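User: I have this model open and would like to check how its labels follow from their definitions. Could we go through a few of them together?

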Amino acid sequence: MKKLLTVLLAVMMVLSLTACGKEEEQHLVIYSPNSDKLIEVAEKFGEETGIQVDVVSLGTGECLERIVAEKENPQADVLYGGVNYANAFKYADYFEQYTAAGDDKLPEAYQNTNGVATHYCLDGSAALLINTELLSGLGINPEDFKGYADLLRPELKGKIAMGDPAASSSAWAELTNMLLVMGNEPYDAAAWDWVKQFIGQLNGILSSSSAIYKGVVNGEYVVGVSYEDPCVSLLVDGATNVKIVYPEEGAVWLPAGAAVIKNAPNMENAKKFLDWLISDAGQNAIAETTARPVNTNIVNTAKEMTPFSEINIAYEDMKLCGDNKTAWQTKWTELYNEAHPE
């Protein structure tokens, strides 16, 4: 009897461990700064695979801070968004080296070249969201608002919202876009002179990317320096008092990246998610949102998306911007503090 009891206990322990293993296999924790629509894409992955997906929505800076702080005991499996060229190198030690299945089928410019970042969509880094009603109230015809140069109109002083390029990936992309197109030469002193003038126009720095576009549609700001995806989402959802302006000086599209967190507790599911993101299923799911798929053969379904043929597209030197990220963030902060002393 004693021997039989021992065998039964052993069997129960094995079954218990097996059940735990199965439960773990069906779980995925994601940190993400992405918009609601792109988070829904991750949830669709869960629906299609049966894996329980938990998304923790934070700003890019907060996501990275958590990943660093949790290095010895990771609490998440994937960083979905915020893995741009600079972050992929700066935080490489905190991510697994992994190239998703099908990466070699993507356009060469968007493939994983550092072993960390799987690019899944193209972010329009330069989207100026204007509240047409408020702009008209200032005596400015919304049709006459064409781009970055209009941000220096005196009527707009204190009525423009933007994030902090030192903390927000979307705000950083805006800054590098400005530096690319607003000087005599890309990233020159004249571009920084323009940035200094622009900083003087700001209402302040917002810590949340969503607070920018939501603030514009709600009438808190006349202009929001934002990015394409959530701004188009407002139009899709029926907003009639806002308009997206792609700077006539030039607008950059950058590949958005995801990465597997080093020693992720649900490692296999994390890799499955990245594989799925760039598969036809994942890319078609993205095409149903207001982000542009990185597989440029797949076209967005939203009619509110302005065709590339109608936009002056600019191309960023990602390596140069990545190499200068810390220095340029510091310079921005210094200029901002000069213009907005507390």
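User: Happy to start small: which residue in β7 is the bridge partner of A161?

Analyst: The partner of A161 is G204 in β7. A word on the basis: this is a predicted model, where local features need pLDDT of at least 70, side-chain atom pairs count only at pLDDT 80 or more, and totals for chains, interfaces and linings use all residues. Numbering runs from 1 along each chain as its sequence is written, and side-chain values use heavy atoms, with hydrogens and water left out.

User: What makes β6 and β7 a pair?

Analyst: Two strands pair if DSSP finds at least two bridges between them. Strand β6 (residues 160-163) and β7 have 4 bridges, in the parallel sense, so they meet that definition.

User: Why are β7 and β9 called edge strands?

Analyst: The open sheet has 5 strands in the order β7-β6-β8-β5-β9, with mixed pairing. β7 (202-206) and β9 (242-245) each pair on one side only.

User: Why is α6 called roughly perpendicular to α13?

Analyst: Angles of 65 to 115 degrees count as roughly perpendicular. The axes, lines fitted to C-alpha atoms over the stretch in contact, cross at roughly 90° and come within 12 Å. Therefore α6 is roughly perpendicular to α13.

User: Which residues make that contact?

Analyst: With contact meaning heavy atoms within 4.5 Å, α6 gives W172, L175, T176 and L179, and α13 gives K325, W328, Q329 and W332.

Technical notes. Helix = DSSP H or I, 4+ residues; strand = E, 2+ residues; numbered from the N terminus. Axes fitted to C-alpha atoms, helices over the stretch in contact; angles between N-to-C directions. Parallel < 35°, antiparallel > 145°, perpendicular 65-115°, else oblique.
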